[in-house]
Every structure is written in C-alpha cells, then in structure tokens.
Amino acid sequence: MKKFALQSVGMSALVVMALTGCGGSTGSTDAASPEATASPTPTAAKQYTNDELVELVKQIKPKSGKELTVASSEELAQENPMKALLSMFTVEPAECKDLSTLGGSETLAGSTTAAGADLNAESGVMAMVTLTSGLDKQKLQDSIDKSGAQAEKCAKMTLSMSGQSMNVSTEKFDGISAVPGTVAYKTEMSTASGSAQTTYMAYAIKDGVLISASASGKGAEADGVATASDLMEQAAALIK
C-alpha cells in the first residue's frame, strides 16, 4: 500500500485527494397506478470478488499508455495515508479534519475493492480509479451521500503546518463522464506562494458496483476532466 499510495504521488496530490468530497442523490420512484401490473423482481446485481475486481482494474488503460499500479482490497485496508497526512495539519474549520475518511483509497466495511493508479509524467496528472462491490446499492449510495454532505459543509477550508497554509475549496462539477448517474466534484488548492493544483473526482454506481475516478495535479486543470472521464467510462464498460 505504501508503494502504491505514497511513492506514486506527491504530498500535495494526496492532500487534495483526501479533501475531495463525493455526493449524490437518490432518485425518486413513481408510485404504480392501481391498474398497473406488478413488475417482475429485478435481477440482483453481480457481487464481484476482490480478485475479479483486480482483473477488471488491470484492463483499464490510462491515458499515459502505461499499466495501472493495482492494489487489492487487502492492500487498501492496510493503512489510510490520507488520514496520516491530515493528522499533520491544523484544519479550519476544525470539524473538517474528519475528512480524512474521504479519498480514493478508503474502503467500505464488508465490501470488495480494487484500485489502480497512474502518474503521467508528461501531463503532471495523477489518475486513480477504484471499484467497490459486495454491498447492496443503497449502502453504496448512502456512502456517497454522506461524503457529499461532508464536502458541502467543508467547501472552504484552510490547512496549515509549520507556518505554511493552503486554501482548499470544493464544489460540484458537471461534465465528467457520460456514465448515467455520475456525480463529480472539483477541488482547488492554493498556497500563499502562488502554487496551485486541481483535483477532479467522479462517482457513479453501475450494476451494483461503485466506480470512483480521479485526476489530480498541476496539469489537471487542462487534462483532468478528460482523464477522469476516460477512467470512469472504461470501468463502466467492463461491468456487465
């Protein structure tokens, strides 16, 4: 996990990924009219094993042309680098420090999960895709909604450490991925010295599998939307 999450990206990229929220809404269902016949029971979505998810992630090709660095559910559960990293900072508002529970490497209890990451040296974009299965759709949606509520509450934050500070802002963002039901966020981080970078993060549930895709780094403003969209759409096409 350390090789996967820490050596492949810089500290600033991890900070932004840790602070990128996700959100979604539960669609309403029209009540059936008295004349309507009972609908057949929908087929339960396939529950993928950890190994099956790893094999799916291996088939996703990042825009850099390289193979993704893949991590299994067991590796992702070993440690949460986002939480360790945020513990080093003073966060305002203080209640937003629990956003360490967000980010691409966070696993859901009882789920099966696999993730893949890529650092494109040419564009400066770190990309990540995560697939989560093994839970019913409502539990996956509840996780998205909870994180979205946290991100809305902490849309504006300041992180400081050793006399240095960063301003972080998060907002909903349209235009990532044609996968139905996709919810996306854009996070911008800037420092007093003028350094800045952007993260785009998108979420969708396809046939009982939660897909998350992100693109972060100094080059993300130019290539992040296309990078995250490509990962999301490749992953959705593999889930059948």
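How many helices and strands are there in the chain? This predicted model has seven helices and nine strands, and the views below take a look at some of them.

**View 1. The whole chain, with 48% of its 240 residues counted as buried.** Contacts across long stretches of sequence do much of the work here: among those with a separation of 6 or more, 66% come from residues 24 or more positions apart. On the outside, about 11,800 Å² is exposed, and carbon and sulfur atoms supply 51% of that area.

**View 2. Where the predictor is confident, and where it isn't.** Mean pLDDT for the chain comes out at 77, with 74% of residues reaching 70 or more. Helix α3 (residues 50-58) has the highest mean among the elements, at 95, while helix α1 (residues 2-5) has the lowest, at 42. Helix α1 falls in the stretch 1-37, where pLDDT stays under 50 even though the model gives that stretch 95 contacts beyond four places in sequence. Residues 100-105 are also below 50, with 25 contacts beyond near neighbours in sequence. A word of caution for such places: where pLDDT is low, the predicted coordinates should not be read in detail.

**View 3. The one disulfide in the structure.** Cys96 and Cys154 are joined, S to S, at 2.0 Å. The link is left-handed, with -95° about the S-S bond. Cys96 sits in the loop between β2 (90-92) and β3 (112-120), and Cys154 in the loop between α6 (137-153) and β5 (156-161), so the bond ties together parts that are 58 residues apart in sequence. Are these two cysteines buried or exposed? Cys96 is buried, at 1% relative accessibility, and Cys154 is buried too, at 2%.

**View 4. Strands β5, β6 and β7, paired in the antiparallel sense.** Six bridges hold β5 to strand β6 (residues 164-172), and one pair to look for is Leu159 with its bridge partner Met166 in β6. The hairpin of β5 and β6 has just two residues between its strands, and Ser162 takes a positive phi near 55° there. On we go to strand β7 (residues 183-191), which is joined to β6 by seven bridges. Here Val168 stands opposite Met189 of β7. As a reminder when following the side chains, those of a regular strand alternate between the two faces of the sheet.

**View 5. Helix α7 (residues 220-238) and what it packs against.** With 19 residues, α7 reaches 25 Å from its first C-alpha to its last, close to the 27 Å expected at 1.5 Å a residue. Its buried residues include Gly224, Thr227, Ala228, Leu231, Met232 and Ala235. In an α-helix there are 3.6 residues a turn, so residues three or four places apart point the same way. Which strands do the buried residues of α7 pack against? They pack against β4 (125-133), β8 (196-206) and β9 (209-217).

**View 6. Thr112 and its surroundings in strand β3.** Thr112 counts as buried, because its relative accessibility of 15% is under the 20% cut-off. Leaving out residues up to four places away in sequence, Thr112 touches Tyr48, Thr49, Asn50 and Leu53, along with Leu131, Thr132, Ser133 and Gly134. Gln47 is worth picking out as well: Gln47 and Thr112 are 65 residues apart in sequence, but 8.6 Å apart in space, C-alpha to C-alpha.

Terms used:
Residues are numbered from 1 along each chain as its sequence is written. This is a predicted model: local features need pLDDT of at least 70, side-chain atom pairs count only at pLDDT 80 or more; totals for chains, interfaces and linings use all residues. Side-chain values use heavy atoms; hydrogens and water are left out. A disulfide is a pair of cysteine sulfur atoms within 2.5 Å. Buried means under 20% relative accessible area, exposed over 50%, partly exposed in between (1.4 Å probe, protein chains only). pLDDT is the predictor's confidence in each residue, from 0 to 100. Contact means heavy atoms within 4.5 Å. Two strands pair if DSSP finds at least two bridges between them. The expected span of a helix is 1.5 Å times one less than its number of residues. Accessible areas come from the Shrake-Rupley method with a 1.4 Å probe; for residues, only the protein chains shown count as cover.
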